[in-house]
Amino acid sequence: MKIFVTLAFCIAYFVCNAQLKNSNLDHKNDTILNVVYKNEISQKANPAYFINGKHIKDFNLATIDPNNIDNIKVIKKEFTTEMKSYYGQINIFLKKGYSPKWISLTGLKEKYIKSCNIPTIFMLNDDFIKSDYSDFVIDEKYVQELEVEAIDNQIGNIQIVRIFTKTEENIKKENEILIR
């Protein structure tokens, strides 16, 4: 019984002492907001993408069905083409018989979106696309859905276009039955 009481006393002492130490934390500095300007952070040059030997100016690997990729070859050295420097090359070779249907974001907007004269922000799945929309291309065959959301504010109208690709996760979300 003495051991049990001693053990309980020791546990209670450590719990109380730990709470006392934590209560003495300086809370003055935890309300400072840290602002990071992403475009001011120096970043390495992006790699140059080649698909079946053809240079693609701006591209995201998430816009191609991984099941249609035969192999990928990566070269890690500085590279310059069309007067632009890149760090490395990513050579993507597609399976024989598959030919992607490339379309730029500008072309996608003109082809599918009714209000194509409104300023637009594109997102690919959950990421903003920060590239030139006329250079950024996607495989139109791998697009599952376009979701257009108009936003009216004091500055004017803008629209956000979310591009969902045919990933397993996106297909699973689309097939979910929601009970409200």
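Biologist: Which residue stands opposite Phe128 in strand 7?
Modeller: The model is a predicted one. In it, strand 6 and strand 7 pair in the antiparallel sense over two bridges. The residue that stands opposite Phe128 is Met123.

Biologist: In what order do the four strands of the open sheet lie?
Modeller: The pairing in this sheet is mixed. Strand 6 and strand 10 run parallel, joined by five bridges, whereas strand 9 and strand 10 are antiparallel over nine bridges. The order of the open sheet is 7-6-10-9.

Biologist: Which strands are the edge strands of that sheet?
Modeller: The order of the four strands is 7-6-10-9. An edge strand here pairs on one side only, and this holds for strand 7 and strand 9.

Biologist: Which residue of strand 10 stands opposite Leu124?
Modeller: Strand 10 takes part in two pairings, with strand 6 and with strand 9. In the antiparallel pairing, Val143 stands opposite Thr165. In the parallel one, Leu124 stands opposite Ile163.

Biologist: Which residue takes a positive phi in the hairpin of strand 9 and strand 10?
Modeller: The hairpin has four residues between the strands. A positive phi near 150° is found there at Gly156.

Biologist: How many residues make up the largest nonpolar core?
Modeller: Helix 2 (105-112), strand 6 (120-124) and strand 10 each supply at least two residues of the largest nonpolar core. Its members include Leu124, Val143 and Ile163, and Leu124 and Ile163 also stand opposite each other in the sheet. The size of this core is 12 residues.

Biologist: Which residues does Ile113 touch, leaving out those up to four places away in sequence?
Modeller: Ile113 belongs to the largest nonpolar core, as do Leu108 and Val161. The residues that Ile113 touches are Leu108, Val148, Gln159 and Val161.

Biologist: How many residues are in the second, separate core?
Modeller: Ile51, Phe59, Ile64 and Ile90 are among its members. Phe59 also lies among the residues nearest the centre of the largest pocket. The second core has 11 residues.

Biologist: Which strand gives the largest share of the lining of the largest pocket?
Modeller: The largest pocket has a volume of about 610 Å³ and is lined by 24 residues. Strand 1 (48-51), strand 4 (84-94) and strand 7 (127-128) each supply at least two of them. The largest share, three residues, comes from strand 4.

Biologist: How many residues of the lining of the largest pocket are charged?
Modeller: Asn46, Asp58, Phe59, Lys130 and Ser131 lie nearest the centre of this pocket. By class, its lining has 12 nonpolar and six polar residues, and the charged ones number six.

Biologist: Which helix gives the largest share of the lining of the second largest pocket?
Modeller: The second largest pocket has a volume of about 190 Å³. Its lining includes Glu169, Asn170, Lys173 and Glu174, and by class it has one nonpolar, four polar and seven charged residues. The largest share, four residues, comes from helix 3.

Biologist: How many helices and strands does the chain have?
Modeller: Along the sequence the pattern is α-β-β-β-β-β-α-β-β-β-β-β-α. The chain has 180 residues, of which 27% count as buried. The count is three helices and 10 strands.

Note on methods:
Residues are numbered from 1 along each chain as its sequence is written. This is a predicted model: local features need pLDDT of at least 70, side-chain atom pairs count only at pLDDT 80 or more; totals for chains, interfaces and linings use all residues. Side-chain values use heavy atoms; hydrogens and water are left out. On a 1 Å grid over the protein atoms alone, a cavity is a set of points where a 1.4 Å probe fits but cannot get out, and a pocket is an open set with protein on both sides within 12 Å along at least five of seven lines; lining residues have an atom within 4 Å of a point. Grid points are joined across faces, edges and corners, and a volume is the space filled by probe spheres set on the points. Ala, Val, Leu, Ile, Met, Phe, Trp, Tyr, Cys and Pro count as nonpolar, Asp, Glu, Lys and Arg as charged, and the others, Gly among them, as polar. A nonpolar core is a set of buried Ala, Val, Leu, Ile, Met, Phe, Trp, Tyr and Cys residues joined through side-chain atoms within 4.5 Å. Buried means under 20% relative accessible area, exposed over 50%, partly exposed in between (1.4 Å probe, protein chains only). Contact means heavy atoms within 4.5 Å. Two strands pair if DSSP finds at least two bridges between them.
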